[in-house]
Amino acid sequence: MPRTTTLDCPGCPPLRALTFDVLGLVKVIEARGKEGEIPKVVERWGEPDFSKSVLAASLVDRKFDPLLAVARKNGLIEVLNPLNGNLHIAISDNTDTSPPPKDEAIVGMHLFSKEELEVESRRCTLLSCTTKGNASMRSIGFSSSLSKDASTDLVKTWKVCGSGDVTCTKVDGSETHALFGGKGVEVNMWNLEQCTKIWTAKAPKKNNLGIFTPTWFTSATFLSKDDHRKFAAGTNSHQVRLYDISAQKRPVISFDFRETPIKSLAEDVDGNTIFVGNASGDLASFDIRNGKLLGCFLGKCSGSIRSIARHPELPVIASCGLDSYVRFWDIKTRQLLSAVFLKQHLTGVVFDSHFVEEDVTQTAVESIQQETEAAQTVSEEEHMPRKRKKSSKEGGEGGKRKGNKTTDKESKKSRRKSHGETERKQKKMV
Amino acid sequence: MGEEKKNKVIVPSTIKNKEKRAEVHANLKHQKKLEKRKRAKARDAAEKQALELGEELPPRKIPRTIENTREVDETVCKPDDEELFAGNDADEFSSIIKRDILPKILITTCRFNSTIGPAFISELLSVIPNAHYYKRGTNDLKKIVEYANAKDFTSLMVVHTSRRKLDGLLIIGLPEGPTAHFKISNVVLRKEIKNHGNPTGHQPELVLTNFTTRLGLRVGRLIQSLFPQDPNFRGRRVVTFHNQRDFIFFRHHRYIFESKENKKEADSKKKSKGTKGEKVPQQKVIARLQECGPRFTMKLISLQHGTFDSKGGEYEWVHKPEMDTSRRRFFL
């Protein structure tokens with residue numbers, strides 16, 4: 001018999017991810033059941049249409065009322081429900097129907113998770129930035145019913161840069177600061193509440209040959225959720241730089257990775273590991289404190305990596321890009337868990353971390369009492385290690401260096417309480 | 001008897017005496033050969049019997065080749081995939097393939113070319129209609145791309161030579177890419193082909209075979225966009241890109257349909273030449289091929305998103321050594 005090598009993919013823990021592609025489709029990938037499940041495409045939203053190609057996407061990942069914002073090539077921004085793909089609202093910048101010019105394409109978007117609760121209509125706040133550097137923050141209100149009347153009041157617009165093209169936009173975890181950078185645009189940080197520029201980077205000096213590499217930032221990420229002062233940025237000249245705005249304007253550390261431009265960056269929850277993806281499909285993790293390569297993720301990935309997403313709780317990252325595969329990797333072993341072929345060039349991937357709970361509610365709707373109970377116990381079991389991780393993560397963030405144990409325990413208790421409450425709520429809902 | 005038994009048990013390579021080992025081995029080989037011949041004979045006999053009885057012929061076994069034992073690939077295109085067609089309609093070549101634009105090709109060499117480059121290009125010019133050769137000079141490739149964009153070229157080809165041998169071919173779709181980099185080998189120019197024909201100026205037919213996966217389809221469409229989509233069948237010229245095990249074979253032929261009398265008929269005709277029989281000789285139409293070069297083989301090295309940009313380019317597919325885990329894994 002012919003010898004064929006099969007990639008032994010151990011499969012994924014239960015997770016749910018959303019991917020976006022150049023045909024404007026949103027695909028939902030789920031791995032159900034216990035450990036070692038092969039993820040599958042379970043849903044596809046939208047019709048294939050090249051003019052609706054997804055440029056940027058942002059997900060508010062919470063238990064109740066999650067929201068998904070998708071920016072399309074024809075200038076439309078859609079707010080969807082990430083659970084079933086229902087369209088909440090679609091807004092457009094230009095009143096006429098003609099497609100926007102190329103330099104007005106949206107490059108970055110962020111949907112704010114904090115919200116003002118109102119009784120009748122829901123609101124969400126959205127930050128978007130176009131290639132030419134026109135950033136705008138608007139709050140959109142929409143009623144929960146299906147009627148499509150929406151009130152969009154533009155809160156603020158401002159210009160991020162005078163010249164050059166913005167290519168990356170990032171908002172920090174506390175959602176008070178935003179980061180912009182691009183081709184010919186040094187990374188700069190803005191305070192979103194006052195809309196003022198608080199910091200701009202300085203280009204690194206010429207090298208020993210007197211050669212100056214032009215600025216071209218391609219991606220950026222904040223290192224930890226609470227700290228807006230430290231962030232990493234990837235450049236087109238295959239460099240990854242660490243900036244600390246409290247220290248200096250030039251990068252604290254900068255190191256090279258392979259020969260092709262860095263295309264995407266993602267941070268780990270511990271705040272000192274970053275994942276770097278480049279244009280020839282190499283993915284690696286670095287310790288950002290000293291710039292040392294921890295290891296590469298090997299898995300026959302052959303196309304540019306456009307987006308990396310870190311699962312908030314499980315030790316899993318997802319990467320996707322021009323080879324039209326979405327791949328799930330284990331962080332610790334750096335092994336490929338599984339790969340799903342999605343037929344188009346992908347532009348983004350996000351994780352929906354509250355997947356298990358949804359599963360429970362779904363089965364509850366089916367009103368099979370025993371199964372729901374079983375599933376709930378399962379989900380509870382699965383909550384336990386998660387909570388521990390969450391708390392440790394919180395400790396890490398709160399104490400900046402390493403959380404002391406007392407706060408850890410407290411947070412754990414509070415978590416448990418809150419969790420119990422939410423469960424009760426859920427039962428009521430059911 | 002005893003020897004036979006021994007032969008079956010003993011593996012020749014374990015015998016230490018060389019003479020004996022050789023003998024046993026030869027014996028074993030001979031036995032195998034006999035068995036094989038026996039099997040073939042039995043198969044032929046069964047076939048013959050079936051023919052005589054008018055039964056269905058016993059099914060012939062299909063030999064196992066590397067192609068038909070290829071590793072299962074999920075990226076192989078399926079005929080009922082609407083996303084695939086939507087993607088095809090939206091890609092960079094669709095305007096050419098839908099005949100909205102006529103293809104116009106710019107061909108140039110690498111910067112330090114030798115005579116083989118222009119010689120090869122002069123043959124390419126006779127293969128590809130509406131292709132124009134421009135001397136490279138000292139121009140940067142990025143500048144050439146800009147120039148070609150301004151002059152409404154739809155593709156750009158760069159023939160790369162090193163040490164007076166052709167070694168690379170770059171096909172760039174304009175204005176938005178992609179850029180495919182091929183390795184070129186086994187080049188045979190027209191002059192070196194025996195009994196070659198000379199192509200006419202008609203627009204050729206194009207045959208693309210075995211481009212099955214998504215990547216293969218994309219490369220196929222890139223190649224397709226080099227040629228006009230309305231072949232002139234009167235010219236009877238055919239250009240073939242045949243993909244086999246990720247190698248793309250290029251051939252260029254002229255064909256002709258000839259009506260030939262059946263051999264037996266012809267023989268009988270010869271015999272009865274004097275009598276001049278009234279029966280119409282049975283005719284059979286056969287196609288004859290005449291190769292009119294060049295002949296070469298391409299292998300994809302990388303497919304880059306957008307036009308040529310060696311430093312800042314984004315790759316859709318690059319060949320990496322870690323992908324070569326199996327002989328039966330193909331990408332096109």
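**View 1. A salt bridge joins A:Lys343 and B:Asp81.** In this predicted model, the side chains of A:Lys343 and B:Asp81 meet at 3.4 Å, going from N to O. That pair has company: the count between chain A and chain B is six salt bridges.

**View 2. Here is where chain A and chain B touch.** On the chain A side, 37 residues are in contact with 29 residues of chain B. Put the two chains together and about 2700 Å² gets buried between them, with carbon and sulfur atoms giving 49% of that area. Which residues of chain A lose the most area to chain B? They are A:Lys300, A:Ser302 and A:Lys343, and together they make up 22% of what the chain A side buries. So A:Lys343 turns up twice in these legends, here for the area it loses and above for its salt bridge with B:Asp81. Polar contacts cross the interface too: 18 residue pairs, with both partners at pLDDT 80 or more.

**View 3. Helix α6 of chain B has a buried side and an exposed side.** This helix covers residues 141-150, and its buried residues are B:Leu141, B:Ile144, B:Val145 and B:Ala148. Why do they sit on the same side of α6(B)? Because they cover an arc of only 105 degrees around the axis. An α-helix has 3.6 residues a turn, so residues three or four places apart point the same way. Flip to the other side of α6(B) and you'll find B:Lys143, B:Glu146 and B:Ala150, which are exposed.

**View 4. The buried residues of α6(B) pack against three strands of chain B.** Those partners are β1 (105-109), β3 (155-162) and β4 (165-173). After the helix comes B:Asp152, and its phi is positive, near 60 degrees.

**View 5. B:Ile96 is tucked into helix α4 of chain B.** The helix runs over residues 94-97. Is B:Ile96 buried or exposed? B:Ile96 has a relative accessible area of 5%, so it counts as buried. Skip its neighbours within four places in sequence, and B:Ile96 is in contact with B:Ile101, B:Pro103, B:Thr154, B:Ser225 and B:Gln229. Now look for B:Pro228: it lies 132 residues from B:Ile96 along the chain, yet their C-alpha atoms are separated by 8.0 Å.

**View 6. Chain A has three helices and 28 strands.** Of its 430 residues, 53% are buried. Chain A exposes about 20200 Å², and carbon and sulfur atoms supply 52% of that.

Technical notes: Residues are numbered from 1 along each chain as its sequence is written. Chains are lettered from A and ligands numbered from 1 in the order in which they are written. This is a predicted model: local features need pLDDT of at least 70, side-chain atom pairs count only at pLDDT 80 or more; totals for chains, interfaces and linings use all residues. Side-chain values use heavy atoms; hydrogens and water are left out. Helices (H or I, at least four residues) and strands (E, at least two) are DSSP runs, numbered from the N terminus. Buried means under 20% relative accessible area, exposed over 50%, partly exposed in between (1.4 Å probe, protein chains only). Accessible areas come from the Shrake-Rupley method with a 1.4 Å probe; for residues, only the protein chains shown count as cover. The arc is that of the directions from the helix axis to the C-beta atoms. Contact means heavy atoms within 4.5 Å. Buried area is the accessible area (1.4 Å probe) that two parts lose on being put together, summed over both. A salt bridge is a side-chain nitrogen of Lys or Arg within 4 Å of a carboxyl oxygen of Asp or Glu. A polar contact is a pair of N or O atoms within 3.5 Å; within protein, one must be able to donate a hydrogen and the other to accept it, and residues adjacent in sequence count only if both atoms are side-chain atoms.
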